[in-house]
Amino acid sequence: MSGALEIQQRKDARLERRRRRIADAALELFATRGYNATSVEDVVEQAKMSKSAFYEFFTSKEDCFRELLSQEGGSLIANVLAQASLGRNHHERLRFGITTFVRSCFERSSVARLLIVESVGLSGDVDKVRSELQAQFAGAVGEEVRHATPHDPFYADKDPRVFGRAVVGAVSDAVGYYLTHPGMDADSLAESLCRIFAP
């Protein structure tokens, strides 16, 4: 029994390594060349694997992109929310969330490019994944603002839902701009954004 389980675990690990090689190659190419300029042939050539190996794991190039966005973008947002939760009050939690998002995007620029640039307008299915990720971030910001309104004059007249969306939109746009137009480091950008949204 344990022998069969061991064989299955080895097989699963081998499959996961193959899938990971393809996913890593796709992520790099989508981020550097762009989704439209990248073909399945480019991905398998970069991964040094066969086209049939690609289709073992993904039904199409879009399916691959959507899964990458869901997993890698999801991991980035989950980390943002986890770091934000460490703050002792709404002010700290907002600052931690914004700062972690900006730093994570600069550190993982290929993932940020998928989330902020390449996924926009790609398809309804991809839009849905991006919208869900943005909604998690916007929802967390909105929740902090909701709790802050009774006792923090800065947030007293802010609609939490609008504020949450405004933060996600502005922070994403600023990160996208400075990733492609060097001239500001992650910490300076995060601090500037925090002064606007969490003074």
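These exercises work through the helices and several residues of a predicted model.

**Exercise 1. Overall layout**

Task: State how many helices and strands the chain has, and what share of its residues is buried.

Solution:
- Step 1. The chain contains nine helices and zero strands. Read from the N terminus, the order of elements is α-α-α-α-α-α-α-α-α.
- Step 2. The C-alpha trace spans about 60 × 45 × 30 Å along its principal axes.
- Step 3. Of the 199 residues in the chain, 42% are buried.
- Step 4. Take the contacts with a separation of 6 or more: residues 24 or more positions apart account for 67% of them.

**Exercise 2. Packing of α4 on α6**

Task: Classify the arrangement of α4 and α6 from the angle between them, and list the residues that meet.

Solution:
- Step 1. Two packed helices are described by the angle between their axes and the distance between the axes.
- Step 2. Helix α4 (residues 61–84) packs against α6 at an angle of about 110 degrees, and the axes are 9 Å apart.
- Step 3. Angles of 65 to 115 degrees count as roughly perpendicular, so α4 and α6 are roughly perpendicular to each other.
- Step 4. The crossing of α4 with α6 is left-handed.
- Step 5. From α4 come F65, L68, L69, E72, G73, L76 and I77; from α6 come V111, L114, L115 and E118. These residues divide into eight nonpolar, one polar and two charged.

**Exercise 3. Packing of α6 on α8**

Task: Describe how α6 and α8 cross, and give the make-up of their contact.

Solution:
- Step 1. The axes of α6 and helix α8 (residues 160–180) come within 10 Å and cross at roughly 130 degrees.
- Step 2. The two helices α6 and α8 are therefore oblique to each other.
- Step 3. The crossing in which α6 passes α8 is left-handed.
- Step 4. On the α6 side the contact uses S109, A112, R113 and I116, and on the α8 side S172, V175, G176, L179 and T180.
- Step 5. Sorted by type, the residues of this contact are four nonpolar, four polar and one charged.

**Exercise 4. Packing of α7 on α8**

Task: Find the angle and axis distance for α7 and α8, then the handedness of their crossing.

Solution:
- Step 1. The angle between α7 and α8 is about 130 degrees, with the axes 7 Å apart. That angle makes α7 oblique to α8.
- Step 2. α7 and α8 form a right-handed crossing.
- Step 3. Helix α7 contributes S131, Q134, A135, F137, A138, V141, G142, V145 and R146 to the contact, while α8 contributes P160, R161, F163, G164, R165, V167 and V168.
- Step 4. Among the residues of the contact of α7 with α8, nine are nonpolar, four polar and three charged.

**Exercise 5. Two serines in one loop**

Task: Place S119 and S123 in the chain, decide whether S119 is buried or exposed, do the same for S123, and identify their polar partners.

Solution:
- Step 1. S119 sits in the loop between α6 (109–118) and α7 (124–148). S123 also lies in the loop between α6 and α7.
- Step 2. Buried means under 20% relative accessible area. S119 has a relative accessible area of 0% and is therefore buried. S123, at 15%, is buried too.
- Step 3. A polar atom of the S119 side chain is 2.9 Å from the backbone oxygen of L114.
- Step 4. The side chain of S123 reaches the backbone nitrogen of V126 at 3.2 Å.
- Step 5. Leaving aside residues up to four places away in sequence, S119 touches F65, L69, L114, V126, D127 and R130. F65, L69 and L114 are also among the residues that meet between α4 and α6.

**Exercise 6. A25 and K48**

Task: Decide for A25 and for K48 whether each is buried or exposed, and report the sign of phi at K48.

Solution:
- Step 1. A25 belongs to helix α1 (residues 2–32). With a relative accessible area of 5%, A25 is buried.
- Step 2. Not counting residues up to four places away in sequence, A25 touches V43, Q46 and A47.
- Step 3. A25 and R113 are 88 residues apart along the chain, and their C-alpha atoms are separated by 15 Å.
- Step 4. K48 is in the loop between α2 (40–47) and α3 (51–57). Exposed means over 50%, so K48 counts as exposed at 69% relative accessibility.
- Step 5. Phi of K48 is near 60 degrees, a positive value in a residue other than glycine.

Conventions. Residues are numbered from 1 along each chain as its sequence is written. This is a predicted model: local features need pLDDT of at least 70, side-chain atom pairs count only at pLDDT 80 or more; totals for chains, interfaces and linings use all residues. Side-chain values use heavy atoms; hydrogens and water are left out. Helices (H or I, at least four residues) and strands (E, at least two) are DSSP runs, numbered from the N terminus. Buried means under 20% relative accessible area, exposed over 50%, partly exposed in between (1.4 Å probe, protein chains only). A polar contact is a pair of N or O atoms within 3.5 Å; within protein, one must be able to donate a hydrogen and the other to accept it, and residues adjacent in sequence count only if both atoms are side-chain atoms. Contact means heavy atoms within 4.5 Å. Axes are lines fitted to C-alpha atoms, for helices over the stretch in contact, and angles run from 0 to 180 degrees between N-to-C directions. Angles under 35 degrees count as roughly parallel, over 145 as roughly antiparallel, 65 to 115 as roughly perpendicular and the rest as oblique. A crossing is left-handed if the near helix is turned anticlockwise from the far one by less than a right angle, and right-handed if clockwise. Ala, Val, Leu, Ile, Met, Phe, Trp, Tyr, Cys and Pro count as nonpolar, Asp, Glu, Lys and Arg as charged, and the others, Gly among them, as polar.
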